[in-house]
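Trainee: Could you pick one part of this model and take me through it slowly? I'd like to see how the pieces around it fit together.

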Amino acid sequence: GLRGSNVLVLAQHDVKIITNLMMGGEGSVDDAVPLGDIELSAIGEAMNQMIGSSSTSISQMIKMKIDIGTPQAFLMESASTDYFENFGFTDDEKVACVSFRMEVDSLIDSKIMQLLPVEFAIDMVKKLRGDMLNSSAAAKPTQPPPAAPAPTPAPAAAAPPPPVQAPAPEAVPVYAQPQYMPPPQAQPPVMQNVNVQPVQFQSFDVNSLMQQKENMGIVMDVPLEISVELGRTKKKIREILEFTPGTIVELDKMAGEPIDILVNGKFVAKGEVVVVMDENFGIRITDIVGVEDRI
């Protein structure tokens, strides 16, 4: 019922800030650095999510299924029409422009523009207005048609008498006679000769043990990184973009649970947080993970 193109236009500075926030940054960008493929791909996914949400709302309003195509992000450095010809726009075609004010905290205070072919915009408005007219017409009360007189019921025919059934012959009970089974006879035990040999222990080599200790001494000065993990969680991009100062992020740890201690990223122990000398935080080890669990 509807088919057309849709182009969203954003300033390059705004795109850099949005993509920087999506990648975990703080929104600080350098305008001298040109946009790369990573930024274009990220802003394309962000606009895809926005158009997907708006298409769902439009579909509910016009009562029609709406499918959107794969977004294509490109850099438009001039007002040339070459960029729009790839999306179904012609040189002499009029374009409807819808401008939105876009604010992102104190980082962005700009505008985002939506460009639609005029014919496509007119068709969309017609579908929307037609649905509104149909809804208002359906809301008007209508007079119900007069009820037809109920037909006179015909006299019921006399039911035929039930057939006479012959009595069933009396069943004769049959009893099963239990059979007597003699108890099994116990088998006499069979004596077997067992070959018994004295136990043999492996010799204890003191020299090999001392050599292992010397080998361990070689790696004793290797530095390892110890990190403490309070908890983890998973968030979607749209949820991370909504983070503001004061936002509470709920972790998968319950209050009072021991925290995880990791050595070079490997979970080795559990502990609890303490305060050392009223200034620094410390970790008191409460449980050390076994070698089997660490492997």
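**A close look at the three-stranded sheet**

Mentor: Going along the sequence, the protein chain runs β-α-α-α-β-β-α-α-β-α-β-β-β-α. That gives seven helices and seven strands, where helices (H or I, at least four residues) and strands (E, at least two) are DSSP runs numbered from the N terminus. Bear in mind that this is a predicted model: local features need pLDDT of at least 70, side-chain atom pairs count only at pLDDT 80 or more, and totals for chains, interfaces and linings use all residues. Residues are numbered from 1 along each chain as its sequence is written, and side-chain values use heavy atoms, with hydrogens and water left out.

Now to the sheet. It's an open sheet of three strands in the order 1-3-2, with antiparallel pairing; two strands pair if DSSP finds at least two bridges between them. Strand 1 (7–9) and strand 2 are the edge strands, each pairing on one side only. On average, neighbouring strands here are turned by 25 degrees against each other, direction ignored. For angles like this, axes are lines fitted to C-alpha atoms (for helices, over the stretch in contact), and angles run from 0 to 180 degrees between N-to-C directions.

Zoom in on the pairing of strand 1 with strand 3: the two run antiparallel and are joined by three bridges. If you want a residue to click on, L8 has Q114 in strand 3 as its bridge partner. Helix 1 packs on this sheet, touching strand 2 and strand 3, and its direction makes about 105 degrees with that of strand 3.

Between strand 2 (95–104) and strand 3 there's a loop, and D105 sits in it. D105 isn't a glycine, yet its phi is positive, about 50 degrees. Most residues other than glycine have a negative phi. D105 counts as exposed because its relative accessible area is 57%, and the cut-offs are under 20% for buried, over 50% for exposed and partly exposed in between (1.4 Å probe, protein chains only).

What about the nonpolar side of things? A nonpolar core is a set of buried Ala, Val, Leu, Ile, Met, Phe, Trp, Tyr and Cys residues joined through side-chain atoms within 4.5 Å. The largest one has 14 residues, and L10, I18, I43, M47 and M102 have the most contacts inside it. Helix 1 (12–22), helix 2 and strand 3 (108–117) each supply at least two of its residues, with helix 2 giving the most, five residues. Take I43: leaving aside neighbours within four places in sequence, I43 is in contact (heavy atoms within 4.5 Å) with V15, I18, T19 and A73.

A bit further along, G69 lies in the loop between helix 2 (37–62) and helix 3 (82–85). G69 counts as exposed because its relative accessibility is 57%. G69 and N48 are 21 residues apart in sequence but 9.0 Å apart in space, C-alpha to C-alpha.

To put all that in the setting of the whole chain, buried residues make up 15% of the 295 residues. Of the contacts between residues at least 6 apart in sequence, 44% join residues at least 24 apart.
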